[in-house]
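The following exercises introduce a protein structure to a reader who meets it for the first time. Each task is followed by a solution that proceeds step by step.

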Amino acid sequence: MQQKNFFFTENLTGQVGLYGKELIKNGIKYLNVTDYNFTFDTTRLRMNFDDQGTVNKDMGNQLNAVINENWNQILQEMKPAVETAFGSAFREISNRIFKKVPYDTIFPQHM
């Protein structure tokens, strides 16, 4: 059984803040990302939860309608948790890169 669930945004914008400190390994400078702040906003969010196992399809359609009519309030409730989760995930991904690739390779000195 396959479910067709989605989140669709319009005019999604985001901002990131990457914070770190120098890490020296074998005399080579790397970056240790200590914090990664992520914020986002959108002008519209649509959600659809299509549960094939639902006995009452009309009830599922009504629930989707209520969710989508109140998308902004739902988004404001979910937003802090989503931003924290994405920030943590991006910090871990960034550290996988920055702890392997030297700082000067990623951020070469401008001449």
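Helices (H or I, at least four residues) and strands (E, at least two) are DSSP runs, numbered from the N terminus. The model is predicted, so that local features need pLDDT of at least 70 and side-chain atom pairs count only at pLDDT 80 or more, while totals for chains, interfaces and linings use all residues. Residues are numbered from 1 along each chain as its sequence is written, and side-chain values use heavy atoms, with hydrogens and water left out.

**Exercise 1. Describe the overall architecture and spread of the chain.**

Step 1. The chain contains 3 helices and 4 strands. Read from the N terminus, the order of these elements is β-β-β-β-α-α-α.

Step 2. The radius of gyration, taken over C-alpha atoms, is to be set against the globule rule, which is 2.2 Å times the number of residues to the power 0.38. The chain has a radius of gyration of 21 Å, well over the 13 Å given by the rule for 111 residues, so the chain is more spread out than a compact globule.

Step 3. The C-alpha trace spans about 65 × 30 × 25 Å along its principal axes.

Step 4. Buried means under 20% relative accessible area, exposed over 50%, and partly exposed in between (1.4 Å probe, protein chains only). Of the 111 residues in the chain, 21% are buried.

**Exercise 2. Examine the two asparagines with positive phi, Asn11 and Asn26, and state where each lies.**

Step 1. Asn11 is located in the loop between strand E1 (6-10) and strand E2 (13-25). Its phi is positive, at about 55 degrees, although Asn11 is not a glycine.

Step 2. Asn26 occupies the loop between E2 and E3. Asn26 is likewise not a glycine, yet has a positive phi of about 55 degrees.

Step 3. Asn11 has a relative accessible area of 57% and is therefore exposed. Asn26 has a relative accessible area of 81% and is therefore exposed.

**Exercise 3. Which residues does Asn68 contact, leaving aside its neighbours within four places in sequence?**

Step 1. Asn68 belongs to helix H1 (residues 57-69). Its relative accessibility is 16%, so Asn68 counts as buried.

Step 2. Contact means heavy atoms within 4.5 Å. With neighbours within four places in sequence set aside, Asn68 is in contact with Arg44, Leu45, Arg46 and Met47.

Step 3. A polar atom of the Asn68 side chain lies 2.6 Å from the backbone nitrogen of Met47.

Step 4. Met47 itself is part of strand E4 (residues 44-48). Met47 is buried because its relative accessible area is 3%. Beyond four places in sequence, its contacts include Phe6, Phe7, Asn64 and Asn68.

**Exercise 4. Trace how strand E3 and helix H2 are linked through Asp35 and Ser94.**

Step 1. Asp35 lies in strand E3 (residues 28-41). At a relative accessible area of 32%, Asp35 is partly exposed.

Step 2. Outside its neighbours within four places in sequence, Asp35 is in contact with Gly17, Leu18, Tyr19 and Arg91. Asp35 and Arg91 are 56 residues apart in sequence, with 6.5 Å between their C-alpha atoms.

Step 3. Ser94 is a residue of helix H2 (residues 71-98). With a relative accessible area of 11%, Ser94 is buried.

Step 4. The Ser94 side chain reaches the backbone oxygen of Phe90 at 2.8 Å. Not counting residues up to four places away in sequence, Ser94 touches Leu18, Val33 and Tyr36.

**Exercise 5. How far apart in space are Lys100 and Arg44, C-alpha to C-alpha?**

Step 1. Lys100 is in the loop between H2 and helix H3 (103-106). Lys100 counts as exposed because its relative accessibility is 66%.

Step 2. The C-alpha atoms of Lys100 and Arg44 are 39 Å apart, and the two residues are 56 apart in sequence.

Step 3. A second pair, Met47 and Tyr103, is also 56 residues apart along the chain, and 41 Å separates the C-alpha atoms of this pair.

Methods: A polar contact is a pair of N or O atoms within 3.5 Å; within protein, one must be able to donate a hydrogen and the other to accept it, and residues adjacent in sequence count only if both atoms are side-chain atoms.
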